[in-house]
There are 2 protein chains.
Amino acid sequence: MSQQQPIQQFLDDLASSASTPGGGGAAALSGAMGAALISMVCNLTIGKKKYAEVEPQMKELLEQTEQLRTQLTALIADDVAVFNSVMDAYRLPKATDEEKSARTEAIQEASKQATVVPLQAAQACAKVIELAKPVAEMGNSNVISDVGAAVTAAQSGLKTSALNMLINLGTITDEAFVTEHRGKLDQIIEASEPLAQEVYEFVKGKF
Amino acid sequence: MSQQQPIQQFLDDLASSASTPGGGGAAALSGAMGAALISMVCNLTIGKKKYAEVEPQMKELLEQTEQLRTQLTALIADDVAVFNSVMDAYRLPKATDEEKSARTEAIQEASKQATVVPLQAAQACAKVIELAKPVAEMGNSNVISDVGAAVTAAQSGLKTSALNMLINLGTITDEAFVTEHRGKLDQIIEASEPLAQEVYEFVKGKF
């Protein structure tokens, strides 16, 4: 899986019985589309006379959405990598007690990594939703629907990342790790869900 | 824009100040990812001893999700085409009364097409959500999170298609057309939104 893969190939691989790419890759791509759509609205606001007053803010917002887009695009491949690490750990030998214990440790380590990657995706999607609000309020009103499109994409990325975190947390025995990461996830969802809804309704109310 | 375009290029074009691809393309791709993820779960259920009893249903569901995936993938390019038609119509000459009237008619015709394409996307996304429910209930429970991922992607596609329909309906003067298409959209949203929520919560409840 690479960012140079054609869209059709990505969709074919997603639909196939191969275990990767899966929901995590789709989540990261959704988030990246969300960030890209906010960038588009910034790009269509910057340089326009009518929006000269907000130009400094729009440039700053664009810088942030482009960083998020880069991060989320990279997470498409990261998701495949951590999934494969978990699978590899489960395939380790388990004939002796020593092997068993090494295998268990490897599974735990890989599962933690497979929790951290969707957490990063969830955090980046939440940030896209956060940036959508000022862009909806200040950006070029001719393309405000694209801000609405962006929040729905970021919301999908966030909700899917949440599921992927929960699956992996379910296999982790380190209670402190589970509590910490579950807490972070709950906090993100609590803040982002109503904000995403608010921005979407704000945009919809314009038509 | 073609389905053979690399993911990175699609995201770069989406983020750029070029007017296409935009939210409509992102919506169709989200829907196609949703369909692909349901197909994946079907593919990972078919042929498994444990799920032999539901195999005929899963095969039928797979056929339907694959049709929807093909349709939604094609709609990525269709969205660009209808957007360009609207832009072309606005660029028509308007020096004489005859030209003015021909231009108005062309704008109206193109706007109707630009309403029909997101309606098709919305209908296909709604169908993905509908098919997600039996797949969540009967499919391979090891990959049930991917059904959750699928409904969030289809929901994003549906909500963005709704915005794109509303924009275009706002410029159409044919009241019968507006009433008919607005009614179809409302009906889809009313049925799909609670169902998507229900399937997502069902999946989340498994972890």
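Chain B puts 53 residues in contact (heavy atoms within 4.5 Å) with 54 residues of chain A. This is a predicted model, where local features need pLDDT of at least 70 and side-chain atom pairs count only at pLDDT 80 or more, while totals for chains, interfaces and linings use all residues. Side-chain values use heavy atoms, without hydrogens and water, and residues are numbered from 1 along each chain, with chains lettered from A in the order written.

Together, chain B and chain A bury about 4,400 Å², with 67% of that on carbon and sulfur atoms; buried area here is the accessible area (1.4 Å probe) that two parts lose on being put together, summed over both. On the chain B side, Ile7(B), Met33(B) and Leu163(B) give up the most area to chain A, together 15% of what that side buries.

Now the polar bits. There are 2 salt bridges between chain B and chain A, counted when a side-chain nitrogen of Lys or Arg is within 4 Å of a carboxyl oxygen of Asp or Glu. One of them is listed below, along with two charges sitting over rings (NZ of Lys or CZ of Arg within 6 Å of the ring centre and within 35 degrees of the ring normal).

| Pair | Kind | Distance |
|---|---|---|
| Asp12(B), Arg69(A) | salt bridge | 2.9 Å, closest N and O atoms |
| Lys159(A), Tyr200(B) | charge over ring | 4.6 Å from ring centre |
| Lys159(B), Tyr200(A) | charge over ring | 4.6 Å from ring centre |

As for aromatic pairs (ring centres of Phe, Tyr and Trp, the last by its six-membered ring, within 6.5 Å), a search of the whole structure turns up 0 over all chains.

Terms used: Rings of Phe, Tyr and Trp (its six-membered ring) pair if their centres lie within 6.5 Å; planes under 30 degrees apart count as stacked, over 60 as edge-to-face and the rest as tilted.
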